[in-house]
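User: Hi, I am new to this structure and would like to understand the words used for it. Could you walk me through them?

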Amino acid sequence: MTISIRKRITAVILAVLVGTVFTVMMIPQETSAAGVAKVKGVKAWVSENQVTVTWKKAGKAKKYQVYRATTKNGKYKRVKTTSKRAWIDKKKSGLYWYKVRGVRGSKKGSFSTKKAVYRASIKASYYKSGYTPSAVKATIVKAQIKNPSKKHTMYMFGKIGNLQTFCNIGITDKATRTKVIAKYRAYLSDQNGSMYVITNTIPKKSGKSVYYATLGTEIPSEYLDTFKYEIIVAPLFALSGNFRSGMAFQMMGGASFGESYVMRAR
């Protein structure tokens, strides 16, 4: 085979390869332009006795479909179609899972990751300060918790194995309700400040007072002025149906049941 023939064959092969690569490069671009991107950044939380679900904008989406279920891998029902990137669910009790997808006409994007939230409410208040049965200074805060679920018992843990668990207690400026003046670590206790409480449970469709003690330190008396400051307590809890799976939720609440805040912690 002569050199000129080889050159011509090589040129033809290169032309075919370039054309093929160009065609392959163009196909994904056309598909991407027509498709709807996956919804990301979904968040769900309970506040003022209702669930708020939010998400980030998805490329090419004109509207969004919100689906809800009572178990992670259960049957999801479409509960809302909206052009906004937020939706408020006024369901009244228990554990719910949410997922969202974007749509554009008949085209549908992939579902978001699933997010869980649990409906419950908490009201925090100062209980007393002084020495505990172990002769350690502490301030005891009372958390009144309401569990509206028909299916789940709530578990608050003082200890998991040999590990002592704790929650955070914050003091906020009542005028702004956002500025945290001080923060304290508190442990599950009884109303006298004893840390021998390992587990506290709130039964289904019931309410109960749970106590937390800031062992080793007292909250300064000026912060207990309810006209200027508000005590915020933020305990973790698990549910009777899934506490062994490692999934926990965090509550956060102050002087009113309407200000409770619940979200999945892990």
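Analyst: Happy to help; a few questions about burial, strands and charge follow. This is a predicted model, where local features need pLDDT of at least 70, side-chain atom pairs count only at pLDDT 80 or more, and totals for chains, interfaces and linings use all residues. Residues are numbered from 1 along each chain as its sequence is written, and side-chain values use heavy atoms, with hydrogens and water left out.

User: Why is Ser121 called buried?

Analyst: Buried means under 20% relative accessible area, exposed over 50%, and partly exposed in between (1.4 Å probe, protein chains only). Ser121 has 13% relative accessibility, so Ser121 counts as buried. Ser121 lies in strand E9, residues 121-131.

User: What makes Ala120 buried?

Analyst: Its relative accessible area is 7%, so Ala120 is buried too. Ala120 sits in the loop between strand E8 (115-119) and E9.

User: Why does Arg85 count as partly exposed?

Analyst: Arg85 reaches 43% relative accessibility, and therefore counts as partly exposed. You will find Arg85 in the loop between strand E4 (77-82) and strand E5 (86-89).

User: Which side chains of strand E16 are buried?

Analyst: In E16 (residues 199-202), Asn200 and Ile202 point to one face and are buried, while Thr199 and Thr201 point to the other and are not. In a regular strand the side chains alternate between the two faces of the sheet.

User: What makes E11 and E16 a pair?

Analyst: Two strands pair if DSSP finds at least two bridges between them. Strand E11 (residues 154-157) and E16 have 4 bridges in the antiparallel sense, and Tyr155 has Thr201 in E16 as its bridge partner.

Key
Helix = DSSP H or I, 4+ residues; strand = E, 2+ residues; numbered from the N terminus.
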